[in-house]
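Reader: I am new to this structure and would like a close look at one part of it, the empty space enclosed within the protein. Please take me through it slowly.

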Amino acid sequence: MTQLTATPVFDAGQDRTMILNMGPQHPSTHGVLRVMLEIDGETVVRIMPDIGYLHTGIEKTCEAKFYQQVVPLTDRIDYLCPLTNNLCYCLAVEKLLGLEIPPKAQWLRVLLNELTRINSHLVWLGTHALDIGAMTVFLYCFREREDILRLFEAVSGQRMMTSYFRIGGLALEPPLDFLDRVRDFARRFPAKVDEYENLLTANPIWLMRTKGVARITGEDAVALGASGPTLRASGVDIDLRRDLPYSSYDKFNFEVPVAQEGDVFARYLCRVRELRESNKIVEQALAGMPEGPIKAEAPKVVLPNREKMKTQMEALIYHFKIITEGFSVPAGEVYQAVESPRGEMGYYVVSDGTAKPYRVHMRSACLANLQTLPVMCEGRLIADVVAAIGSIDIVLGEIDR
Amino acid sequence: MSLKPAITDLEQLKEHPAVARLQANIPGSIEAAKFEHDEMSLYIVRSSIREACALLRDYPSCPFNFLSDVTCVDWYPAEPRFEVVYHLLSIRQKERVRLKVRLGDDAPSLDSVTPIWPAANFFEREVFDLFGIRFLGHPYLRRIQMPADWEGHPLRKDYPVEGYR
């Protein structure tokens, strides 16, 4: 256990070793991660991640906004899964308000969240393979990602920073042909996953670069707070969608891929299987999409639709008040966690009864996952550090916030 | 879903695994308890936080072996000013519990839980960086998000949103 928290003091002038600075502008560090390496020849003796280059004070900014105005900020934390962050924040505030979300909104949220997971895993797979030297996969993955981004654009008007969820439901009804377009995508997608797997899963170069590389045991991964595929690839079977369900995930049927080896290849397999499972959830959501409203029945929180607002005095007043003064949330605190593509994404929202959140804290899955890096890499080659960083699917926007 | 009133009576909550475990082993370590929004919060006495965390982690029937999060809330100008908040999860029993420690304004410090969960390492550094709370026994308590020469602790409530100019 002491080895996991060894004090990373870097002193130059030792006989055999030298200090190598990797990043913050290294192409394989996925953003602005800086890693300090103490190396003996090509072997890593010690490694210390240095973060904070993307810190923008989002938690502080949240305290100065109305509850609804925080939603666009949550997009910008993790730019690969904006809708997961939207969902997590909305669920937390809805829990504080005691709002009941209509089934159709919940199912659309699940559908979009799984598309987000596919989107995020595609970016991960493409860039991870590119890091290790497989160029083609990157182009294939971004081809399908483009389809998903078009779906997001259709539904929210934005390709990446969607802000589509509202406290109490969704912003708008999705366009009429939206579900058909998703159906078309879900039908085509499994064959595409086969294509990626054909390129990688049995590829001897890929296997040599990933099998047995950057191992971590399940025990260490739990102690270091790792979650998501990083944890499940080490044999710990937990998925918040199944174990602590939210937003109707308990009504869906899906498997949670688990692997035992805890190496880069195991994490690769877990995520690729998750691509297929997510596609299954999307298909189930399409097949069983309920009818009904997409916003909760709560005039003091949810904006009225345009027609109501233009014809009814009361609706107009509520609209004006929500826009100008926000809505107040009963005092209290909530910790809501969802399974983001990277692991446990949690929002801790504290309300003091006013229209602005007193404190919003984001539990970042990547921040905890990053702590596993020293355990994975020490004693291995520098080239394996690149594979390890890719395999924990790091997003620096979420780490630094 | 309608809002249920919070339960704050410790007697009613003693069935909860975390409460039972702490009351049996360190009597008097729980200052107060609250059950609201289906979430359990326990206020722990400052001096027993590390012991309490170790007990909960090694609880045989419901091990809270996963430290989800460590953060802090600043209630300035109220006293005691800070609340350090721990979110624990039991992977086996799918149970969550929230521990809180209240700290005064004057040089706030408390025992680090990094020796118990190495996961707390970065979380505690972040709380130190943004709130200025010292974690005693932390192996490497330096700023993590802000530059090393930054002055002040930005998430404190008396720190302006737009920063000092």
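How many nonpolar, polar and charged residues does the lining of the largest cavity have?

Author: The model is a predicted one, with scores of ipTM 0.91 and pTM 0.91, and for chain B the mean pLDDT is 87, with 98% of the residues reaching 70 or more. Sorted by class, the lining of the largest cavity has 6 nonpolar, 2 polar and 3 charged residues. This cavity has a volume of about 80 Å³, and it is one of 2 cavities of 30 Å³ or more that were counted. From chain A the lining takes A:Ser227, A:Gly228, A:Leu231, A:Arg232, A:Ile238, A:Leu240, A:Glu339 and A:Glu344, while from chain B it takes B:Phe66, B:Leu89 and B:Ile91.

The second largest cavity holds about 30 Å³ of space, and its lining, too, draws on both chains, with A:Glu59, A:Arg359 and A:His361 from chain A, and B:Val70, B:Thr71, B:Glu126, B:Val127, B:Leu130, B:Phe131 and B:Leu155 from chain B. By class, these lining residues divide into 5 nonpolar, 2 polar and 3 charged. Strand 8 (359–363) of chain A supplies at least two of them, as do strand 3 (66–74) and helix 3 (120–131) of chain B, and the largest share, 4 residues, comes from helix 3 of chain B.

That helix deserves a description of its own. Helix 3 of chain B is made of 12 residues and reaches 16 Å from its first C-alpha to its last, which is close to the 16 Å expected at 1.5 Å a residue. The helix is mostly covered, for 12 of its 12 residues are buried, among them the charged residues B:Glu124, B:Arg125, B:Glu126 and B:Asp129 as well as B:Phe122, B:Phe123 and B:Phe128. Just after the helix, B:Gly132 takes a positive phi of about 75°.

Beside these enclosed spaces one may set an open one, the second largest pocket, where about 850 Å³ of space lies. Helix 12 (306–311) and helix 13 (313–325) of chain A are the elements that give two or more residues to the lining of this pocket, and helix 13 of chain A provides the largest share, 6 residues. In total 32 residues line the pocket, and those nearest its centre are A:Lys295, A:Val302, A:Leu303, A:Pro304 and A:Asn305. By class, the pocket lining has 19 nonpolar, 6 polar and 7 charged residues.

How values were computed: Residues numbered from 1 in each chain as written. Chains lettered and ligands numbered in written order. Predicted model: local features only at pLDDT ≥ 70, side-chain atom pairs only at ≥ 80, totals over all residues. Heavy atoms only, no water. pLDDT = per-residue confidence, 0-100. 1 Å grid on protein atoms, 1.4 Å probe; cavity = no way out; pocket = protein on both sides within 12 Å on 5 of 7 lines; lining within 4 Å. Points joined across faces, edges and corners; volume = space filled by probe spheres on them. Expected span 1.5 Å × (residues − 1). Buried < 20%, exposed > 50% of the residue type's maximum accessible area, 1.4 Å probe, protein only.
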